[in-house]
Amino acid sequence: MAFATFHPLAVLFYYSVLLVLASATKHPLLIVIVLLSSIIYSFLLYGRKGTFSNILYDALVTLLIVLASAAFKHNGVTPLFFWNDQPVTKESLIWSMALGGLVTTISFVYRNAIHDLPMDKLLFVGRLIWPTLGMGLSMAIRFVPLCKERFYRMHAVQKTIGYYATASSFDRLVGWVKTFYEAVIWTFDQCFHKSDVMRARGYHLPHKTTFHLYSWHISDFVLLVSLAIIMVFFFVIYPNIAYYYFPQIKEMQVSTIILVVSLIMALLPVMLELKERIIWHYYSSKM
């Protein structure tokens with residue numbers, strides 16, 4: 001079974017554990033493991049083009065974080081060079097790269113989670129936890145792709161009718177900003193209108209029943225129990241794997257069992273997806 005076929009609560013718990021472990025320990029090896037596994041899974045879900053464009057965007061964000069850290073954060077005991085009479089230390093530089101890697105990891109995990117938890121599953125999970133929270137999360141997640149789609153559509157129409165046909169770069173920029181503004185206003189209206197419709201249907205009522213096709217299976221319980229054991233295991237050994245960068249970088253020592261457990265947990269969606277594709281290609285070749 002593919003990872004997206006697990007129960008929505010199990011999928012949400014998995015991505016939450018993944019982010020908590022990478023964010024809480026701040027260990028470079030754990031961040032790299034989660035990041036690489038998320039990129040591989042994104043490649044399987046979105047293809048080469050979509051994944052590479054996200055990598056370029058996140059690489060730019062990481063570069064900005066490193067430059068900002070070099071300009072404003074001067075902690076550490078190992079200066080590498082001086083910039084505006086301020087030391088740029090090795091500890092600060094490595095910390096900024098780890099922070100950029102963590103931001104990139106969160107970005108890819110978020111994209112993968114959106115694929116495995118579409119709107120109907122997110123509303124189902126939100127209703128179980130807190131209906132208002134579920135509606136707010138669904139509107140927030142829906143806002144960006146809806147605004148992007150609306151802007152591209154309006155931009156294509158405006159370009160076709162000659163809205164940008166001017167020699168002035170400033171006028172073209174103003175036209176682009178106006179189109180973007182209209183797309184954002186339209187998206188806000190659509191998102192809040194949906195919340196009004198759901199409230200009118202009684203979505204916020206505490207005892208309202210809903211129909212869903214999600215049921216618990218043995219694999220869901222196995223996943224939840226395994227994640228709970230991993231959480232307890234990392235909580236017990238947290239003082240040994242918690243990483244610090246200041247005033248001096250901690251020596252990078254991680255036991256083999258921690259690396260193996262982290263790799264298996266991070267690559268679980270990849271292994272399940274590859275297994276499903278191998279089975280699909282095998283039976284397709286028999287037709």
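**Exercise 1. Describe the second largest pocket: its lining by class, its volume and the elements around it.**

*Solution.* By class, 15 nonpolar, three polar and no charged residues line the second largest pocket. Here Ala, Val, Leu, Ile, Met, Phe, Trp, Tyr, Cys and Pro count as nonpolar, Asp, Glu, Lys and Arg as charged, and the others, Gly among them, as polar. The structure is a predicted model, in which local features need pLDDT of at least 70 and side-chain atom pairs count only at pLDDT 80 or more, while totals for chains, interfaces and linings use all residues. Residues are numbered from 1 along each chain as its sequence is written, and side-chain values use heavy atoms, with hydrogens and water left out.

Next, the volume of the second largest pocket is about 360 Å³. Of its 18 lining residues, L12, A113, L117, L122 and I141 are the closest to its centre. Two or more lining residues come from each of α1, α3, α4 and α5, and α3 gives the largest share, five residues.

The terms rest on a 1 Å grid over the protein atoms alone: a pocket is an open set of points with protein on both sides within 12 Å along at least five of seven lines, a cavity is a set of points where a 1.4 Å probe fits but cannot get out, and lining residues have an atom within 4 Å of a point. Grid points are joined across faces, edges and corners, and a volume is the space filled by probe spheres set on the points.

**Exercise 2. Describe the largest pocket, and state which helix supplies the largest share of its lining.**

*Solution.* The largest pocket has a volume of about 660 Å³. Its lining holds 21 residues, and Y110, R111, V144, P145 and K148 lie nearest the centre. At least two lining residues each are supplied by α2, α3, α4 (119-129), α5 (131-160) and α6 (169-200). The largest share, eight residues, belongs to α5. By class, the lining of the largest pocket divides into 15 nonpolar, three polar and three charged residues.

**Exercise 3. Determine how many cavities of 30 Å³ or more the structure has, and describe their linings.**

*Solution.* A search of the whole structure gives two such cavities.

1. The largest cavity has a volume of about 70 Å³. Its lining consists of L18, L21, A22, L30, I33, V34, F234, S262, M265 and A266. At least two of these residues come from each of α1, α2 and α9 (256-266). Nine lining residues are nonpolar, one is polar and none is charged.
2. The second largest cavity holds about 40 Å³ of space. It is lined by Y14, Y15, L18, S37, S38, Y41, N112, A266 and P269. Helices α1 and α2 each supply at least two residues of this lining. By class there are six nonpolar, three polar and no charged residues.

**Exercise 4. Decide whether α1 and α3 are roughly parallel or antiparallel, and list the residues in contact.**

*Solution.* Two packed helices are described by the angle between their axes and the distance between the axes. The axes of α1 and α3 (residues 90-116) come within 11 Å and cross at roughly 180°. Axes are lines fitted to C-alpha atoms, for helices over the stretch in contact, and angles run from 0 to 180 degrees between N-to-C directions. Angles under 35 degrees count as roughly parallel, over 145 as roughly antiparallel, 65 to 115 as roughly perpendicular and the rest as oblique. Helices α1 and α3 are therefore roughly antiparallel.

From α1, the contact (heavy atoms within 4.5 Å) involves V11, Y15, L18, L19, A22 and S23, and from α3 it involves L102, I106, V109, N112, A113 and D116. These residues divide into nine nonpolar, two polar and one charged.

**Exercise 5. State whether C147 and K26 are buried or exposed, and where each lies.**

*Solution.* Buried means under 20% relative accessible area, exposed over 50%, and partly exposed in between (1.4 Å probe, protein chains only). C147 is found in helix α5 and counts as buried because its relative accessibility is 7%. Leaving aside residues up to four places away in sequence, C147 touches A183, V184 and T187.

K26 lies in the loop between α1 (8-25) and α2 (28-72). Its relative accessibility is 41%, so K26 counts as partly exposed. K26 has a positive phi of about 55°, although it is not a glycine.

**Exercise 6. Summarise the chain by its elements and its buried share.**

*Solution.* The chain has ten helices and two strands. Helices (H or I, at least four residues) and strands (E, at least two) are DSSP runs, numbered from the N terminus. Buried residues make up 36% of the 287 residues.
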